[in-house]
There are 2 protein chains.
Amino acid sequence: MKEPAPIDRLTALLADDLAQVDGHIKDMAASDIALIPKLITYIFTAGGKRIRPLLTLAFAACTGTRNPRGHHIELAAAVEAIHTATLLHDDVIDESPSRRGRTSAHMIFGNQVSVLVGDYFFARAFQMMVRSDDIRILEVLSGTAAIISAGEVTQMIHSGDAALTQERYLEVIRSKTAVLFESACAVGAMVTDAPQASCEAAGIFGMNIGMAFQLTDDALDYDSDVQTLGKPTGHDLLSGKPTLPLILAYQNGTATEKAFWQKALGKGNRRDLPRAQELIVKYEGLEHTRALAQEYSQKAIESLPLIKTSRPEVIDLLADLARQISDRRA
Amino acid sequence: MKEPAPIDRLTALLADDLAQVDGHIKDMAASDIALIPKLITYIFTAGGKRIRPLLTLAFAACTGTRNPRGHHIELAAAVEAIHTATLLHDDVIDESPSRRGRTSAHMIFGNQVSVLVGDYFFARAFQMMVRSDDIRILEVLSGTAAIISAGEVTQMIHSGDAALTQERYLEVIRSKTAVLFESACAVGAMVTDAPQASCEAAGIFGMNIGMAFQLTDDALDYDSDVQTLGKPTGHDLLSGKPTLPLILAYQNGTATEKAFWQKALGKGNRRDLPRAQELIVKYEGLEHTRALAQEYSQKAIESLPLIKTSRPEVIDLLADLARQISDRRA
């Protein structure tokens, strides 16, 4: 029998904590207004891996021993709620018809509900994190929320822009994705009063696996099918998001190929996909993107020895998780 | 020469503090992404009265003497930023073509930008309030943000519902408007470490003038013209919001009149306005709405003697302001 994947081993190890996180999320979704829990439950039952709260819990588990009030649970729940609120607004911005293989919430409930329930859940996330009673952690997480939104604005500005540079693309994914991974890890260490060096190393780990996570996602979008990733292949092309596989193919492309990308990006025409995938193969866009993701995972792993821990087995699982993230295949 | 209105006298009295609030708001709007300050500046220069931060500053000025770190400025700025973020999303939800007599931001910048910049400003508001370094205040303001969003969801659910009850309508305006007034006042007292009774009385004042404010706005919407309120008369009818003048006319109306309201509410047809105004006059909808607003202002004024103060002149101005709010005329 194959050994379970690192994420599943971490999930099993932290099952009790995760169950409490789920309870908090259910509480946050609660409202007299039936539509609110209905929409939030719809997003949750879509079956994400809850990797962000898992990271908070893992760093809380492996750093320090002080955490008498159990605030790591609340922080893990707040991190997942920020992520969920972002998803609700993302779907509206992207006009994406599906997410994780299911119809997008905004297609069923409407854009207006998605915007308002996203706002509600964002506010509930802040309420939850205030319960941590730690101003430093509140500074980190409120700053993170601002960076995510700014990253989303930048991404939107560059929608349809096939000539986006790799540097700018990396800035976008750092803001919109990696910073929340960074904070998820850092606050897990901060909440146990871990030494400054451990908190910083946790943040560096998170930032780097966040980059690896998004780069791998962006490769999979040109590589996978609905069964494996749960979203339609080519979603980024159809919705106008220039990602690294495309950026590399564009930069190295002929004038005719550049014209194709400019015409195809964001036009939502599935008939452009075969040609797009063919050009990405031609310029080895997926290989380069995956290689960069693996570099980030490697950097993440290198930060782990700086963390003071009494549970080296959790640190080992985190290293395995970093490898798993950039090794995901269609 | 006519004496300046209470709001202008309060504004003059607190001019130095208000200038600092403006500075903080400018800082919060700052971003490398030019579009963000551009949109936020567009909203601010529309020239609202900044009544919410004024209330925070007024209560900070008249309660207690302790406030060594000057956090009332930051809290006033955070309160205004929450309000502004809400406006950005409101315009998207309402599909309103104008606000305060100018083209709505979302019409110029697009819905997607309005949603994301609203998120950004909301996060920046949280960053700003975290600087108050006071967990109780953070609990109040994060709870307020959740209540506002829930109120907006309820309002949206009842869009186009002419049969909305007065009780439910009052719940909606309490959530979407009055709770932020309540918090604006309460945190102004809390930040000076005012006695519990003063903080509570400040909150009660705010809640009641918030109700008076929204009721009067809702009356003016059937009463005013673009010159005085800065938004087109009948905006609520056209955008589908059942407000008290309409609710009263509907409840007391004949079957034919009820059918008219059901047909007109939310259809966006300006030709329905004269008949709507005629029916509201017939059932004295504006008089009843204004009378209720005045009751709320009266309740607000009655809470003021419970506030321990060394500056009775500020308390007197707040009482005058409560009267001004429910006396606004087209």
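**Interface, salt bridges and cysteines of a predicted two-chain model**

Reader: What area is buried between chain A and chain B, and what share of it do carbon and sulfur atoms give?

Author: The structure is a predicted model. Between chain A and chain B, carbon and sulfur atoms give 79% of the buried area, and that area is about 3,200 Å².

Reader: Which three residues supply more of the area that chain A buries against chain B than any other three?

Author: The share in question is 18% of the area that chain A buries against chain B. No other three residues supply as much as Q112(A), L116(A) and I135(A).

Reader: How many residues of chain B are in contact with chain A?

Author: On the side of chain A, 36 residues take part in the contact. The residues of chain B that they meet number 36.

Reader: How many salt bridges and how many residue pairs in polar contact are found between chain A and chain B?

Author: The count of salt bridges between chain A and chain B is zero. For polar contacts across this interface, with both residues at pLDDT 80 or more, the number of residue pairs is four.

Reader: Which element of chain A gives the most residues to the side that touches chain B?

Author: The elements that give two or more residues to this side of chain A are helix 3 (35-44), helix 5 (71-94), helix 7 (111-130) and helix 8 (135-157). With 14 residues, the element that gives the most is helix 8 of chain A.

Reader: How do the residues on the side of chain A that touches chain B divide into nonpolar, polar and charged?

Author: Seven residues on this side of chain A are charged and seven are polar. The nonpolar residues number 22.

Reader: Is T154(B) buried or exposed, and which residue of chain A is it in contact with?

Author: T154(B) belongs to helix 8 (residues 135-157) of chain B. Its relative accessibility is 10%, so T154(B) counts as buried, the limit being under 20%. Leaving aside neighbours within four places in sequence, its contacts within chain B are R168(B) and V172(B), and its contact in chain A is I33(A).

Reader: Where do the two residues of the salt bridge between D22(A) and R50(A) lie, and how many residues apart are they?

Author: The side chains of D22(A) and R50(A) meet in a salt bridge at 2.3 Å, N to O. D22(A) is in helix 2 (residues 15-29) of chain A, whereas R50(A) is in the loop between helix 3 and helix 4 (51-62) of chain A. D22(A) is partly exposed at 33% relative accessibility, and R50(A) is partly exposed at 22%. The pair links distant parts of the chain, and its separation is 28 residues.

Reader: Which helix holds both E278(A) and R275(A)?

Author: The side chains of E278(A) and R275(A) meet in a salt bridge at 3.5 Å, N to O. E278(A) is partly exposed, with a relative accessible area of 48%, and R275(A) is partly exposed, with 30%. The two residues are three residues apart, about one turn of the helix, and both lie in helix 15 (residues 273-282) of chain A.

Reader: Why does the salt bridge between K282(B) and E257(B) tie together separate parts of the sequence?

Author: The side chains of K282(B) and E257(B) meet at 2.5 Å, N to O. K282(B) lies in helix 15 (residues 273-282) of chain B and E257(B) in helix 14 (residues 255-264) of chain B, so the parts tied together are 25 residues apart in sequence.

Reader: Which residues are joined into one network by salt bridges that share partners?

Author: Over all chains the structure holds 25 salt bridges. Those that share partners join into one network E3(A), R9(A), D320(A) and R323(A).

Reader: Why is C199(B) not bonded to the closest cysteine sulfur, and how far away is that sulfur?

Author: Over all chains the structure holds zero disulfides. The closest cysteine sulfur to that of C199(B) is in C62(B), and it is too far for a bond because a disulfide needs sulfur atoms within 2.5 Å. The distance is 11 Å.

Reader: Which backbone oxygen lies 2.7 Å from a polar atom of the side chain of S132(A)?

Author: S132(A) lies in the loop between helix 7 and helix 8 of chain A, and at 2% relative accessibility S132(A) counts as buried. Not counting residues up to four places away in sequence, S132(A) touches H71(A), L75(A) and I137(A). The backbone oxygen at 2.7 Å from its side chain is that of M129(A).

Conventions: Residues are numbered from 1 along each chain as its sequence is written. Chains are lettered from A and ligands numbered from 1 in the order in which they are written. This is a predicted model: local features need pLDDT of at least 70, side-chain atom pairs count only at pLDDT 80 or more; totals for chains, interfaces and linings use all residues. Side-chain values use heavy atoms; hydrogens and water are left out. Contact means heavy atoms within 4.5 Å. Buried area is the accessible area (1.4 Å probe) that two parts lose on being put together, summed over both. A salt bridge is a side-chain nitrogen of Lys or Arg within 4 Å of a carboxyl oxygen of Asp or Glu. A polar contact is a pair of N or O atoms within 3.5 Å; within protein, one must be able to donate a hydrogen and the other to accept it, and residues adjacent in sequence count only if both atoms are side-chain atoms. Helices (H or I, at least four residues) and strands (E, at least two) are DSSP runs, numbered from the N terminus. Ala, Val, Leu, Ile, Met, Phe, Trp, Tyr, Cys and Pro count as nonpolar, Asp, Glu, Lys and Arg as charged, and the others, Gly among them, as polar. Buried means under 20% relative accessible area, exposed over 50%, partly exposed in between (1.4 Å probe, protein chains only).
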